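Work through the exercises below with the model open. Try each task before reading its solution.

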Amino acid sequence: MKVITVVLSFNSRKYIHECLESLKGNEVVVVDAGSTDGSPKYIAEKFPDLKLIVVHKNLGYAGGNNLGIKYALESGADLIWIVNPDIVVAKDALNEAIKVMTDNVAVVASKVYFAPGYEFHKEKYKKDELGKVIWYAGADNDWNNVYAKHWGINEVDLGQYNKQKEIGYATGSSMLLRSEVLKQTGLIDERYFMYYEENDLCQKIKHLGFKLVYAPKSVVWHKVGQAAGIGSNLADYYIARNRMLFGMHWAPWRTKIALVRESIKLLFKGRPWQKIGIRDFYLGKFGKGSYA
């Protein structure tokens, strides 16, 4: 099968090198959308053998990855592996993911460790535990609160998540997709720009009757917080807005009513960019929206 790896770059020069080094030997397309840190020139010089698509506008996770997905589909890819630029992949990560891709499976998610030094609670771990702390070992959606719940997060891996399992949500940090199914669902919804977009795609795929599966032998490491920052204004804006967009489409009715009530509270008592995110949801201002 033909597999093309899609990596989206936005001002990722300081950390994308290790990602692309780990992907050597794979067919890779890098989409650089709106970088101002010299990333396109750096990537072209350091990795001349990969395909580089440069656009001079920040298209967000959704729009940028869609450019890579379109290229992969036009190039005849049977499978498309989306890998974030702050990810480092194990040598056999792709092969182990492919093994799980049976006829009724459309999405395979890797086991994701925190890259050493990027853990949320660094002081908790011994030196020999670094690199074995789990960020994602499968996940499901908490439909009462409209959040994805990562299994195993912050736990040291002792083999407790080594079982292949069907999941409700695949993280977009390392996600293998079946091309034929993408032709049915359409591409990633660009209204989201970033946050919740891959979960929306996962739900569309599940709605078609295909499975999402966690592959514990497909291992990657995540430099958490490099692209968007943790607890940033950017996160406040897009999470507040897109949680409403996602929840009002996919959540049960009781949860939708609770979301509306919560959104009213955020409009008055939320942090500044949460308020703007909720306002933009009701105004139908999607894509990049108001965030500057």
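**Exercise 1. Strand 2**

Which residues of strand 2 are buried on one side, and which on the other?

*Solution.* Start with the ground rules. This is a predicted model, in which local features need pLDDT of at least 70, side-chain atom pairs count only at pLDDT 80 or more, and totals for chains, interfaces and linings use all residues. Residues are numbered from 1 along each chain as its sequence is written, and side-chain values use heavy atoms, with hydrogens and water left out.

Step 1: fix the terms. Helices (H or I, at least four residues) and strands (E, at least two) are DSSP runs, numbered from the N terminus. Buried means under 20% relative accessible area, exposed over 50%, and partly exposed in between (1.4 Å probe, protein chains only).

Step 2: split the strand by side. Val28, Val30 and Asp32 are buried on one side. Val29, Val31 and Ala33 are buried on the other. Both faces are thus covered.

Step 3: check the total. Strand 2 spans residues 28-33, and six of its six residues are buried.

**Exercise 2. Neighbours of strand 2**

Identify the strands that pair with strand 2 and the handedness of the connections.

*Solution.* Step 1: take strand 1 (residues 3-9). It pairs with strand 2 in the parallel sense over five bridges. Two strands pair if DSSP finds at least two bridges between them. Leu8 stands opposite Val31.

Step 2: add the connection. Strand 1, helix 1 (residues 13-22) and strand 2 form a right-handed β-α-β unit. Right-handed means that, with the strands pointing away from the viewer, the path from the first strand over the helix to the second runs clockwise.

Step 3: take strand 3 (residues 51-55). Strands 2 and 3 run parallel, joined by five bridges. Ala33 has Val55 as its bridge partner there. The chain crosses from strand 2 to strand 3 through helix 2 (residues 39-46), and this β-α-β crossover is right-handed.

**Exercise 3. The nonpolar cores**

Find which residues of the largest nonpolar core touch the most other members.

*Solution.* Step 1: define the set. A nonpolar core is a set of buried Ala, Val, Leu, Ile, Met, Phe, Trp, Tyr and Cys residues joined through side-chain atoms within 4.5 Å.

Step 2: list the hubs. The largest core has 76 residues, and Val7, Leu20, Leu23, Trp81, Tyr136, Leu176 and Ile205 touch the most other members. Strand 6 gives the most to this core, with eight residues.

Step 3: locate the other core. It lies apart and holds 12 residues, among them Ala240, Leu245, Leu266 and Ile278.

Step 4: look at one hub. Beyond four places in sequence, Leu20 is in contact (heavy atoms within 4.5 Å) with Val7, Val28, Val30, Ile43, Phe47 and Leu50.

**Exercise 4. Val112**

Where does Val112 lie, and is it buried or exposed?

*Solution.* Step 1: place Val112 in strand 6 (residues 105-114). Step 2: read its relative accessibility, 0%, so Val112 counts as buried. Step 3: list contacts more than four places away in sequence. They include Ile87, Tyr136, Val220 and His222.

**Exercise 5. Cysteines**

Explain why Cys202 forms no bond with Cys19.

*Solution.* Step 1: search the whole structure; zero disulfides (cysteine sulfur atoms within 2.5 Å) turn up. Step 2: take the separation. The sulfur of Cys202 has its closest cysteine sulfur, in Cys19, 20 Å away, so the pair is too far apart for a bond. Step 3: check burial. Cys19 is buried at 1% relative accessibility, and Cys202 is buried at 1% too.
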